[in-house]
Amino acid sequence: MKEYDLVIVGGGISGASLLYTVSEFTDVERVALVEKEDEIAAVNSHHTNNSQTLHFGDIETNYTLEKAESVKEGAEMVAGYLKSNDPDREMHSKRSKMVLAVGDEEVESLEQRYNEEGFGDLFPKLEAIGRDEIAEIEPKVVEGRDPGEEMLALQTPDGYTVDYGKLAKSFVDEVRDEDGVDVFTGTEVTEISDEDDGFVIDTDDGHFEADATVVAAGSHSLQIAQEMGYGEHLSLLPVAGSFFVADEGLLNGKVYTLQMKKLPFAAVHGDAEVHDGDLTRFGPTAKVVPELERGRLSTVPDFFDVFGLSASSFLSYGNILADRILLPYVCKNLLYDVPAVGPRAFLPHVQKVVPTVELDDIERAKGYGGVRPQIVDTRTKSLDMGEATITGDDIIFNVTPSPGASTCLKNARRDTQQALEFLDGEYEFDVEAFEDATIGNFPRTQAEPSAADDTQNRADPIAADDD
């Protein structure tokens, strides 16, 4: 039986960032990461299974100022790590990004957000730009649009498109050869038992003992928590996201549309693909599915484990899906998967970003899309709009819907501090060194990119420097 101070269950972006933080910046002697897949970050962190966005909160118009401030710090940590560790841009690309308002009502709403709600002050690089400036940066956004239609965008150069799978592997590769660090892939956890002096973690490849444990297994985190008696008032609404793609490079960077504040799902946006700037991705769509991993029927029973088949779960789902805003949204999103009908139904969302796109220009992105575990509180019978962390006796369970990837290092800092408390203060965390290696490298100033620079970035994402 292998013995460790800390065992991390799950090798996605959350588990990998925690392994990096604990192994690199604490003196914990024995730490292990256990991942059921044969590779690190093979499920939701894989770049085809998420929107590749590093969320700062600047153009996500469903964020409150308070949430944006919290997310901003986490995103700057990831951006700082990328600045230091990915100079050749193998894990990310960096381009312009903007949120687009079209029509008088949207323009007024975006102006208020920027000038009166504090977002302009919180994000110094964020600028309000009009039609002519939008056309310089994103010509296809203006081309073919009614010249009398009001337009406004909040634009920033901090448009990071991230391959979170490669980022997770980078975190692991940074520390896997250090003494006392073990990484086990292709090893599925079957049970975690709470013993008097720690935990016994049973896997299909043997047993582990741990003084403290962090479960960072996405949707499965809640399943494991409930098996151990935690989080029994919670359920999951698994939401599958899909995308449409256009083969020609329609956009130089990211273009978001305004989001309905009551919806926890991202507004449709257009992105140049992280590894191929000539491929433009539009989405995501969102539909409720009874599985914890996209396209894996073996996880359907896992969903019903978490759902519980209880009256409170049924009532919660009924209350949530009967919402006059959410229900039409869910029903409409079901159409997008229907052959022939789906692309036609989705086309107006694409045309709001790029007006000249025609039906033949887009197609469903096959093999793209993952499952986001949206938290349901069965006591209040409502969706929880944030991430879920359940802290037990010497154990943490992380269920991380968006923007969990963007805040992975910030969450890792928090969980590292908590894990050291579990370990009775025997070890120390060099927080200053951690912050120097992450947010300390974030570029604080940058000139506004020109349309030419953006076009160059699209063709060659490693061409331009951050500074």
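Sort the residues lining the largest cavity by class and you get 5 nonpolar, 5 polar and 2 charged. That's a handy place to start with this model, which is a predicted one. The structure holds 1 cavity of 30 Å³ or more, and about 60 Å³ of space lies in the largest cavity. Its lining is made up of Ser14, Ser17, Leu18, Val214, Ala216, Asn398, Thr400, Cys408, Asn411, Ala412, Arg414 and Asp415. Two elements, helix 1 and helix 13 (408-422), give two or more residues each to that lining. Helix 13 is the top contributor, with 5 residues.

Now let's follow helix 1 away from the cavity. Helix 1 covers residues 13-25, and its axis comes within 8 Å of the axis of helix 7 (residues 164-175), the two crossing at roughly 25°. That angle is under the 35 degree cut-off for roughly parallel, so helix 1 counts as roughly parallel to helix 7. The crossing itself is left-handed. On the helix 1 side, the contact uses Ile13, Ala16, Ser17, Leu19, Tyr20, Ser23 and Glu24. Across from them, helix 7 offers Tyr164, Leu167, Ala168, Phe171, Val172, Glu174 and Val175. By class, this contact comes to 10 nonpolar, 2 polar and 2 charged residues. Look out for Ser17 here: Ser17 is among the residues meeting helix 7, and Ser17 also lines the largest cavity.

Helix 7 has another partner to look at, helix 2 (residues 65-85). The axes of helix 2 and helix 7 come within 12 Å and cross at roughly 65°. Since roughly perpendicular runs from 65 to 115 degrees, helix 2 ends up roughly perpendicular to helix 7. This crossing, too, is left-handed. Helix 2 puts Val78, Tyr81, Leu82 and Asn85 into the contact, and helix 7 answers with Leu167, Ser170, Phe171 and Glu174. Those residues split into 5 nonpolar, 2 polar and 1 charged. Some of the helix 7 names should ring a bell: Leu167, Phe171 and Glu174 meet helix 2, and Leu167, Phe171 and Glu174 also turn up in the contact with helix 1.

While you're around helix 2, glance at the loop that leads into it. Ala41 sits in the loop between strand 2 (31-34) and helix 2. Ala41 isn't a glycine, yet it has a positive phi of about 60°.

Next up is another pair of helices. Helix 8 (residues 219-227) and helix 9 (residues 300-307) have axes that come within 9 Å and cross at roughly 55°. Helix 8 and helix 9 are therefore oblique to each other, and helix 8 passes helix 9 in a left-handed crossing. Helix 8 contributes His220, Leu222, Gln223 and Gln226 to the contact, while helix 9 brings Asp302, Asp305 and Val306. Sorted by class, the residues of this contact are 2 nonpolar, 3 polar and 2 charged.

One last stop is a bit of backbone geometry. Where does Pro284 lie? You'll find Pro284 in strand 13 (residues 280-288). The peptide bond joining Gly283 and Pro284 is cis, with omega at about 0°.

How values were computed. Residues numbered from 1 in each chain as written. Predicted model: local features only at pLDDT ≥ 70, side-chain atom pairs only at ≥ 80, totals over all residues. Heavy atoms only, no water. Axes fitted to C-alpha atoms, helices over the stretch in contact; angles between N-to-C directions. Helix = DSSP H or I, 4+ residues; strand = E, 2+ residues; numbered from the N terminus. Parallel < 35°, antiparallel > 145°, perpendicular 65-115°, else oblique. Left-handed = near helix turned anticlockwise from the far one by under 90°. Contact = heavy atoms within 4.5 Å. Nonpolar A, V, L, I, M, F, W, Y, C, P; charged D, E, K, R; others polar. 1 Å grid on protein atoms, 1.4 Å probe; cavity = no way out; pocket = protein on both sides within 12 Å on 5 of 7 lines; lining within 4 Å. Points joined across faces, edges and corners; volume = space filled by probe spheres on them.
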